[in-house]
Amino acid sequence: MVWEELRFQALLRHADDRLVLGHRLSEWCGHGPTLEEDIALSNVALDLLGQAKVIFEQSIKTDSDKRSVDDLIYFREIRGYRNVILVEQPNGDFACTILRQYFFDVFNRLWLNSLQSSIDKDLSSFARSAIKEAIYHERHTKSWVVRLGDGTKESNERIQEAVSVFYPLSYELFSQDEIDQKVFSKGLLPNTACFEKVWKEEVALTLLEATLQFPERISTQTLRGREGRHTEHLDRILSEMQSLARAHPGASW
Amino acid sequence: MTSGKVDDSLWEVFLQEKNNSGHVHVGSLRACGSEEALQAARDVYARRGSPISIWVALSESIVASTPADAPSFFDPKDAKSFRYPNYYKVPRTLKDA
Amino acid sequence: MTEASRQFDFEGRIARDEKIEPNDWMPSRYRRQLVRMISQHAHSEVVGMLPEGNWITRAPSLRRKISLLAKVQDEAGHGLYLYGAAETLGAEREDLINLLLGGDARYSSIFNYPSVTWGDVGVIGWLVDQAAMVNQTMLTKCSYGPYARAMIQICKEENFHKRQGMEIMAVLSAGTSAQRAMAQDALDRWWWPTLMMFGPPDEESPHSSELIGWKVKMKSNDELRQWFVDLAVPQAEALDLQIPDSELVRDNKTGHWISGPINWDEFRSILRGEGPCNRERIESRRESHLEGAWVREAARAYEEKCRKKKALERESL
């Protein structure tokens, strides 16, 4: 693959993660457990969508098909999407949403922290700005993980279930294939495998505080979201998300 | 807290803007504890403008003067004009020096 | 001080345009009417999240998705400010919400209509939010301090909502023929319900004169409705859209646009709960509230544990 295509594909992964996760969070708008939390979740969604926007805008600079950001979002087929499987999972209940978000938030803070050293000035400047909100997201979701874990018996069971479901999906965030390794070696993007250990340690501390445990047995499912192999969940997301734009191809909104 | 009961309590929110003003009361919200209240205040009240600081306080901890206090607390300013510069006559030559 | 002299003082303060604050003496009826009015307003904001919230996941561009999410998020904030204002009068948010979910409280009739196209999202921002602003601008001067201040804050934020809606409509009416038809269709369905938002005609409005006397309302339903129509008609013309009122005519003497007759039967049936979405709106809110109960319970339980731990630590020192 030529450098331009490598760069495009690598950035797409991180843009897609944030787009899909932001979209999932936006499903809570109007349905949150309290008005305060409805607003808080929407804030995180808006921040993630904003991060996706910046990364998409960077990615299209080297897209050989010269697509716009909206072209990528609304007219790409499912096999063109490069997000991790974790982010396309249904929201489930509030415990599921918060736990999945917490896992991603710890990763995002580590990723943005490392991205500040990118040789690409636009990406490093983006990271310096975005890490501030990422730190807040982590503080917010960590607070909820602890509250729910150490709250009532019911909340503990719900979030423990979420840990069991989402922990096995989290390793995909740290996988590095040839594309990732090439862009890392050129100083463009972080090597996410490097922070898997620290991620696990930090998450472990939070789970301890929350009176939660890692699952005993972890099924080793092969996750290939980075290669465009997704679950039916993303199919449903895209069917909904893309429906109006696709009904009027060529229209401006 | 005076009562032993924990509830999702009412908190008052005060926001300080970048322009060197003091904290201003902006509204209230519901939260169980102080960290929850602080974060909710950030999410609900600090989305616009340039806030630099948030205070949250339990509504029940606010001590307020009552309307009955007003007459004796807040006497009319013009009766104490000696607290204002214009009460004092200074020759122009001194004022302009 | 006797009740009569307190009443006399209160009326004097209203006459002098002084604000009534939470700890001030007020007639119990004033308090009750304000709780009813403010909580109804709060319920409207929260239920009002649903017709547009419906379209966030289908917004056809990233810009639209982000703006619509930010806008609907603001409505939650408005509901929150208003529940807060009602609480300054001694009400409790949980009780007010339970009244809504039990069908014992009202909210704006307009949110009982379905939002079935993207054009509806545009019209809601352009017309419904603008109509709300007409009402809210008046309320920024209302006699009850916390309500007036909440209105000032809400009006500041509502301005972006209207602009967002206008932008959507401008793009649609300059777009493809399908988009222009979408815009016109949405206007056809939302125009009359928006006029009804201002409430029944003055002669049928039971609370109005009392509220005007207390300077809680400063203008009548019909005056506000007229103000809105005069704003919206030239805007529709600028958008190259037809107001669906064949009897709409300009009074050249006054400059006002005079509407045709409003179908008040439709309004009354909505108030009785017979509108297209009444049941769904409340069901949706009830579901969210019930689903959220275990979350709120967990937060309380956790906080209680923290307090007990701190108390034990203090004792052991």
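User: What makes the radius of gyration of chain C agree with that of a compact globule?

Analyst: The radius is taken over C-alpha atoms, and the globule rule is 2.2 Å times the number of residues to the power 0.38. For 317 residues that puts a compact globule near 20 Å, and chain C has 22 Å, so the two agree. This is a predicted model, where local features need pLDDT of at least 70, side-chain atom pairs count only at pLDDT 80 or more, and totals for chains, interfaces and linings use all residues. Residues are numbered from 1 along each chain as its sequence is written, with chains lettered from A and ligands numbered from 1 in the order in which they are written.

User: How many of the 317 residues of chain C count as buried?

Analyst: 44% of them. Buried means that 20 or more other C-beta atoms, placed from the backbone, lie within 10 Å of the residue's own.

User: Why are β2 and β3 of chain B called edge strands?

Analyst: Strands are DSSP runs of E, at least two residues long, numbered from the N terminus, and two of them pair if DSSP finds at least two bridges between them. The open sheet in chain B is ordered β2-β1-β3, with antiparallel pairing. β2 (24-31) and β3 (51-58) of chain B each pair on one side only.

User: How do you know that β1 pairs with β3 in chain B?

Analyst: Seven bridges join β1(B), residues 9-17, to β3(B), and pairing takes at least two, so they pair. One of the bridge partnerships is L15(B) with I54(B).

Notes: Helix = DSSP H or I, 4+ residues; strand = E, 2+ residues; numbered from the N terminus. Buried ≥ 20, exposed ≤ 12 C-beta atoms within 10 Å, placed from the backbone.
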